[in-house]
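Here are a few warm-up exercises to work through with the model open in your viewer. Try each one before you read its solution.

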Amino acid sequence: MRSLTFVIGTGRSGSTALSRILNAHPDVLSLNEYMASVGDAAFPAGKVSGEEFWQTLYRPAPHFERMIRSGLPLPEFLYTRRPGRYSAQTTGIPALSLMVLPHLTDDPDGFLDDLAAAVVQWPERTAAEHHRALFGLLCGRFARTAVVERSGYSTGWAPGLRDTFPEARFVHMFRDGPDCALSMSRHPGYRAITLLREIKERAGIESFGDLTEEHVRALPPDLAPLLDDRFDPALVRDRDLPLRRFGALWSELVTEGAQFLAGLPSGQGTTLAYEDLLDRPAEELTRLAEFIGVAPQPQWLSTGSALLDHSRRGSASRLSAEEFADLRESCAPGTHALDG
């Protein structure tokens, strides 16, 4: 039985580097941004056919498509760096193609065709059974024995993933609060997330599914266009957003992750601090490998250590004393949750 592990966390915490490190292990199937790509739509209730399940993996993610069309692609979008036959401007980029498949193969278009040919023939079954079958298919293709999914901004998915895959293990990855929050504040995806959260707060809704035309009409002119099929990227890129908001977001997410991990049975969860990974890469990667069920091979430990970037550590300490103190204060609830 292959092992299944989910790495959850805030994002902007060294987790993209971790996906690259895991991908370098000969026994690990590294599913980079799989949940961020397919989302809740890939987990419909009841039983679905292979064709219906494939559509949940193929259908482009609307929010990512809007960002690409608006000239605001995220650095995590691997497909747009080496584009193939799909485009957000015309066909739409299939969900699996944007970040998952280019992480695994140099021919994401061809591999997508191969997967489609297999999956559409699968029998009717639950989404969980389809996902397990897909993970098995991918493990067979790449001769891997352990599946590790890692998405940024993923703590909110953790309870549902545990319900769907009760056998799964979870790693809660986090980074120093002020450094992580500062990185979020400079990232177009997290800036957009912050603005979309503001839209929901102003409208008084929990989900965008509850958003009405009346809500949209009541939004200010620098927020409403973000809901359009295409928007001015300056609305996200150039808006003045207080650092405190990102500190509060970091606190919310790490608290969510810490509380989830505390509720897991012994042996099913562990933590990974980015600073510990930088300080003791061989030790932390050895511990991680043993947790996910693979051998900490010496060559892999060497390769993984070389993939870590130490240059951004302590970035928040270069802020003004006042800004740094304010940011630390907004991160205090999350820091307390991690210490607890």
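For what follows, a contact means heavy atoms within 4.5 Å. Keep in mind that this is a predicted model.

**Exercise 1.** Take contacts between residues at least 6 apart in sequence, and find what share joins residues at least 24 apart.

*Solution.* Start by keeping just the pairs at least 6 apart in the chain. Among those, 77% join residues at least 24 apart.

**Exercise 2.** Work out how the chain's radius of gyration sits against the globule rule.

*Solution.* First, the make-up: the chain has 18 helices and 7 strands. Next, the radius of gyration is 20 Å, and the globule rule gives 20 Å for 340 residues, so the chain is as compact as a globular protein of that length. For a picture of the extents, the C-alpha atoms fill a box of roughly 50 × 50 × 35 Å along the principal axes.

**Exercise 3.** Describe how the chain splits between inside and surface, and where its charges are centred.

*Solution.* Call a residue buried if its relative accessible area is under 20%. By that cut-off, 51% of the 340 residues are buried. On the outside, about 15,300 Å² is exposed, with carbon and sulfur atoms supplying 50% of it. As for charges, there are 35 positive and 45 negative ones, and their mean positions are 3 Å apart.

**Exercise 4.** Check the span of helix α14 (residues 243–262) against 1.5 Å a residue, then list some of its buried residues.

*Solution.* The expected span uses one less than the number of residues. For the 20 residues of α14 that comes to 28 Å, and the end C-alpha atoms are 29 Å apart, which agrees. Its buried residues include F246, W250, L253, V254 and F260.

**Exercise 5.** Do the same check for α11, and say which helices its buried residues pack against.

*Solution.* α11 has 16 residues, and its 23 Å from first to last C-alpha is close to the expected 22 Å. Among its buried residues are Y190, R191, I193, L195, E198 and I199. The buried residues of α11 pack against α4 (62–69), α10 (177–185), α12, α13 (234–237) and α14. Right after α11 comes G204, with a positive phi near 70°.

**Exercise 6.** Is T212 buried, partly exposed or exposed?

*Solution.* Locate it first: T212 lies in the loop between α11 (188–203) and α12 (213–217). Its relative accessibility is 36%, so T212 counts as partly exposed. One last distance: T212 and T91 are 121 residues apart along the chain, and their C-alpha atoms are separated by 28 Å.

Methods:
Residues numbered from 1 in each chain as written. Predicted model: local features only at pLDDT ≥ 70, side-chain atom pairs only at ≥ 80, totals over all residues. Heavy atoms only, no water. Helix = DSSP H or I, 4+ residues; strand = E, 2+ residues; numbered from the N terminus. Rg over C-alpha atoms; globule rule 2.2 N^0.38 Å. Buried < 20%, exposed > 50% of the residue type's maximum accessible area, 1.4 Å probe, protein only. Areas by Shrake-Rupley, 256 points an atom, 1.4 Å probe, with all protein chains shown as cover. Lys, Arg positive; Asp, Glu negative; His and termini not counted. Charge placed at Lys NZ, Arg CZ, Asp CG, Glu CD.
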